[in-house]
Structures are given as structure tokens and as C-alpha cells.
Amino acid sequence: MAASEENSALFPIFILTIMALPLVPYTIMKLCRAASRKTKNIHCQCSECTRSGKYRRSIFKRISNFSTCSNLTLVLLWVVMIILVYYIKHISQEIQIFEPFSILGLESGASDSEIKKAYRRLSIQYHPDKNPDPEAHKYFVEFISKAYQALTDPISRENYEKYGHPDGRQGFQMGIALPQFLLNFDGATGGILLLWIVGVCILLPLVIAVVYLSRSAKYTGNYVMHHTLSNYYHLMKPSLAPSKVMDVFIKAAEYVEITVRRTDNEPLQKLFMLVRSELNLDLKNIKQEQAKFWKQHPSLVKTELLIQAQLTRESATLSPALLGDFRRVLELSPRLLEELMKMAVIPRTPQGHGWLRPAIGVLELSQCIIQAVPLSAKKAAGGSPEGIAPFLQLPHFSEAIIKKIARKKVRTFQELSDMPLQERAELLTQTAGFSSAEIQDVEMVLEMMPSITIVVTCETEGEEGIQEGDIVTVQAWVTLKRTNGLIGALPHAPYFPFHKEENFWFLLADPVSNTVWFSQKISFMDEAAAITAASKAIEDTMEGSGASVKETSAAVREAVDKVKAGSRLVMGKLQAPAEGNYNLSCFCLCDSWIGCDKKINLKVKVMKRTRAGTRGGPVAEEGPILEDGVEEEEEDEGEEYDDYESEYSEDDADEQQTSKKGAVANGKAHNKGIRNRSSSESSGTDEE
């Protein structure tokens, strides 16, 4: 009986231990992750972003951010643990080990006279005839009398002094830390124990495994449905125009599952009339086109109209029910666009290359959704080859203001950003009628816009020149600078209702064949992760080349300094193609800003494989060399790229001049250009 009571008392301790093993490390990890987050303001401080409210940390928003399922579960488990600790402390005071000398208030080895004296003293205090309290009577009978009998009986006392128990030597006993009623095998309680063992040891792990496997079978690691990836993979085409990327994007399974209510018909009809000009409908057969549009799956129609409401900034006209769906569509869009981008650059050709044209289209769609700019704004208009899209992302700018500025011969976004501060302020004040506060907002956003420079090399490690079939190492340093001095920052996006980190995609592509040879996503937000990745990559490269420990350490320190200064290392390997000269282009495309993309040209010469493993000597490109040591580009290179660039922009007269400055022989290119926000650098023209 005593053993059963002791096992029952240990059951809370057993449960507490099982809970603490995973809960304590998980809590420490959560706290460390929360402490590592940057507390400084890295988002835009303009009045439009402030008015949007997504950066405002009210008490209700703090509670909403904290009240996630994982956080509430964590708090609940800690409350249960605190209750268990209190309960264990309480029962530990109730359960006392039988110690006769301690009960009588004596030291071990006391004489018989001392024992009798102590017993008489306690009898006066606790005997029922002297103390009518029931608790005193219980204590006297169960403890004092038993302790006196154990010490006055010679055999009991000898056993206690030798073995620590009045009954003599005790055998070794084992128990189970379970409640007493579960250990009673008489009657129905034996079945309860069996059910408890089956439930905890078999059914619970089985249920957890089934839930996990069912979820993992439906979603990828990026929380995108497998069905969505399948749709994107099969609908992606090498000749997919940027204007047609929307048709593929809305085919996501997440969007198909959005509920279409009967009450949505009228608001969607009104929204259709507002955004009809952006739907690429044939105006000659407008009735047939409208009928064809509405015959699509209702969820696809609803999704496309809601995205167009974001692009045209018509979300204020949505009903409360549609507004919830609108937020859901935009919340899913960043990760869906990222997966769509991966489907564009995934190896498709026999050489393992992706497709360039749809990749550019996906990033242009991402830019327009984040900045709430219509896709048609990328068309050349008003003398601006990149269109009015870059202007529309600035606060307080509209088409009317852009036309007024164009009359002052400021037709491109690059011209506006390159103007001196005082001259730009006078232009906006006199021509656009901006107040000083509005001018300050514009300057604040211009200071937030990133400027990208690229230094890239392609070479075979340990060899001179590149031969067909070689494993070529691509190494690029992408450097980001802003006028305000920040490196990682959230983009200016007042019309996008969620936090969105700016990401960049590095593409090494061949515009002539519309192929992407190498691609990698770049983030400037997590400096610690970038330092770790760059250090490991440089260390592996140096060790592979046989460098000494001192040289490796110096190279790693240099890489760390570059990362801290705002650079990110892009490194990968690819197999050299067949013999020939290749005019490649290196793109660094942003998924959030319009007009901040960068493109440089890179010439790579692949030699024929020599016999018996012998390698050729250094190879230099043929052709005239300019005074600054940069090789001259061929005149038709810009035209070759035209077929694969955005149809929303056209090349300007500076395209060939820029390409001349970017191309370098022997697979090396260095870009020293200043801020270039012209979308023609990354978009160009798609003549169809």
C-alpha cells in the first residue's frame, strides 16, 4: 500500500519531466530568435507608409501578433507545468518518511529514559484526553504511538538501527509512476490501464504521424501546395510573355480553394468595369472576350480581379467580404511568385538550363503587385522608354504629375533621380505643386531605393581557360548601397498590406537562346547567415586550390568585411557548353522595387577539349580593345536580347553604350556603375 501511494506521488513528477524535456529547449530557442530580431526601424518613414498602418504597433496589434497558435500553446503548457510544480511541492509536504526519533524529537541512539520522557511530553500535547482536536488525535495514533512502540520494543529498535526500518531488512522494490487507480487490476481499472498504455504509446504517435504525413503530402517546405507546383511546372512555357504570366500565376491551388459567394457577383461586376482595360481583352470583339472571361472557373475570375484591384489601387471600392479575400490573395502572393520563379529557372533544356523570358516576367509581376502599379504602366510612353511605372511607386505621384514633369524635359526616372536635390525640389514645387512635406516624402523614398553593382567571374578552378565539359565556377559579388546608408530594409510599399522583405535574383543567362545557366536568390536582411555562407564558400574554394592556412584566413576575413559592407557572395558551378563564344548577361533583379534592376554583359569563350587531358594556354578574346581595357561589344548584341525582354518597355539609345561598358573578355566582368534604376537595364523590349 505504501509503495502504491509512493508511485502515485511520483506520477506528477513523471509528467513534469516529460513536458519539460521538449518545452524548455523550445522556449529558449523562441526567446533567442525573438532577441535576435532587429529592433531598429528599417522600413520607410514616409507619410504614405505611416498612413497605411501596417508598421503601427498598437496594443491590439501586439496582442494579435502574439496570439498565434504556437505562442498560446506554449503559454498553456507553461501554466500546466507551474501547476504541477505547486502540486508536487504540496504533496511532498504531506508525504513524510517514518522516522521514529524525528517524530519524538530525539537524536538517533537516545536512551530508553529519554524516549519515555519524550513520549510523555508529546502525550500531554496530543493525547485525545488532553487535546480534543481530531487532527491531534490522528497524529498521536499514526505517528507518536507507532514511533514509541518501534523504539521501546527491543527487536523493532534493533531492526531500525541496523536496517532503517522497524520490520527489518526491506527488499528492493520497483514501481510505476502512475496513479493508484490505474495500478488496481481488479475490476475495470485494469482495462483503464491497458487503454492508457495503448493510447499514449500507440495511438498518439500514430495520430501525430498521420497528421504530419497528410500535411507534408499536401504542402511543400515553403507552405505551397504540391498541386500548385505541378500546375506552374506544366503551364510554364519558354516563350511566355510577361503579360501572360498573370494567367499562370492565378492557377495556384490556394487560389482555386478561395470561396466564391453569391453575394460577390455584383461587387465583382463593378470591379470588372474598373479594371477592364488591364485584362488584355480584344477590344474588337469585346463582348465575346467578356463572355469568355466570365466562363472561367469562378475562383480564377475572382482572384484575377482582386489582383487587378491591387495593381490599379482600387481596393477601397471592395466590399468587406471581398476585402478579406483580397488580403488573403495578397498574403499568399510573395511565396507563390517565388515558387513560380523557381519553375521558370528550373533546368528544362538538355543542357540543364532554365528559361529567361518567363523569369523576367515573373519578377516584373512581383514588382507591380508590391508597388501597386498596373502592368500597362511599363509600356513606353511620354518619351520615357521604361514607361511611367518607376514614377508611380513614388509617393504623391500620379499620371497627371508625370505629364507635367515630362514637359520640363524630365522624361525618365533616371533623369529625376540624378538631379541635384535643390533642383529636384524646385521642379516638384513649381511644376507638380508639391508641398515641402510631400517633397520630403519623395526624397525619403529615393534614399531608400537600392543601387546594385556586380563583379562576376567564370573560370575553371586550377586551370587556365575554359574547355568544353569543364566544371565552371561562377563567383559574383553583388553589392547594395542606399543613400541613407542602410543595407537591409523593407521596401516602400504603402499599398501592400503586409511586411515584405526585398529579395534579389541573380541570373547568369544567354539572351540569344533564352536560357538561364545559373540562378540564385539573394537577401540583404540576414547579415549573420550571409557571413556564414560566404566564409564557408571561400574556405572551401581556398582549400580546394591548395592555399595555406594563412592565405585562407586572410581570404575569409576579406569576405566577411565585404559582407558587412553590404555585399553578398553568389557562388555556384555549371558545366561548360560546347566550344564557342558566348555573349552572356548577368542580371540582378529585385522582386519589390521597379527600376532598380541591374544588368551587365559577360563574354565567355569555351575552347575545344584537348587530347589526353592536356589543357590549352591562356585564351584572350579576339577583336579590338578599347582604351580602358574593356572589349568592344558587337553591334547586334542588343538586338539579340530584344526578343526575350519585357514587352512593357523599349530600349533607349543608351542601351548599346551601357552594354559596351559591361562586357569583358575571358569570362570576367566588373560593374562600376552608379545607381541605375532604369527598367530598360533589366527589361528591354519584347517585340512581338
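Select N280 first. N280 sits in the loop between α13 (265–275) and α14 (286–294). Check its backbone: phi is near 55°, a positive value in a residue other than glycine. Keep in mind that this is a predicted model.

Now jump to H396. This residue lies in the loop between α18 (389–392) and α19 (399–407). Its phi is near 70°, again positive, and again the residue is not a glycine.

**The sheet**

Next, show the strands β1, β6, β5, β8, β9 and β3. In that order, these six strands form an open sheet. The pairing is mixed. Which strands stand at the edges? Color β1 (354–355) and β3 (466–467): each has a single partner strand, so one side of each is left without a neighbour in the sheet. Strands of a sheet pair through backbone hydrogen bonds, either parallel or antiparallel.

Stay at the β3 edge. β3 pairs with β9 in the parallel sense, over two bridges. Pick I466, and look across to V606 in β9, which stands opposite.

Move inward to strand β8, residues 580–590. Buried or exposed: how do most of its residues come out? Nine of the eleven are buried, so to speak of β8 as mostly covered is fair.

Turn to the partners of β8. On β9 (residues 598–607), nine bridges join the two strands, which run antiparallel. Select L584 here; its bridge partner in β9 is L602. With β5 (residues 503–510), β8 also pairs in the antiparallel sense, over six bridges. Select F504, and C590 in β8 is the residue opposite.

Now add helix α16, residues 320–345. The helix lies across β1, β5 and β6 (515–523). Relative to β5, α16 runs at about 15°.

**The cysteines**

Keep C590 on screen and add C588. How far is the sulfur of C588 from the closest cysteine sulfur? That closest sulfur belongs to C590, and the distance is 8.1 Å, too far for a bond. C588 is buried, with a relative accessible area of 0%.

Now select C44 and C46. The closest cysteine sulfur to that of C44 is in C46, at 3.4 Å. A disulfide needs the two sulfur atoms within 2.5 Å, so this pair is too far apart for a bond. C44 is buried too, with a relative accessible area of 2%. Over the whole structure, the search finds zero disulfides.

**A helix pair**

Select helix α6 (residues 112–126) and helix α7 (residues 134–152) together. Two packed helices are described by the angle between their axes and the distance between the axes. Here the angle is about 170°, and the axes are 11 Å apart. That makes α6 roughly antiparallel to α7.

Show the side chains where the two meet. From α6, display I115, K116, Y119, L122, S123 and Y126. Facing them in α7 are A136, H137, Y139, F140, I144, S145, Y148, L151 and T152.

**Annotated segments**

Last stop: the record. An unreviewed UniProt entry places the feature "transmembrane region" at residues 12–32, 66–88 and 192–213. Select 12–32. How much of this stretch is helix, and how much is strand? The chain here is 100% helix and 0% strand. Put a distance label on the end C-alpha atoms: they are 29 Å apart.

Terms used:
Residues numbered from 1 in each chain as written. Predicted model: local features only at pLDDT ≥ 70, side-chain atom pairs only at ≥ 80, totals over all residues. Heavy atoms only, no water. Buried < 20%, exposed > 50% of the residue type's maximum accessible area, 1.4 Å probe, protein only. Helix = DSSP H or I, 4+ residues; strand = E, 2+ residues; numbered from the N terminus. Pairing = 2+ DSSP bridges. UniProt positions renumbered as here; feature names shortened; annotations may be inferred. Contact = heavy atoms within 4.5 Å. Axes fitted to C-alpha atoms, helices over the stretch in contact; angles between N-to-C directions. Parallel < 35°, antiparallel > 145°, perpendicular 65-115°, else oblique.
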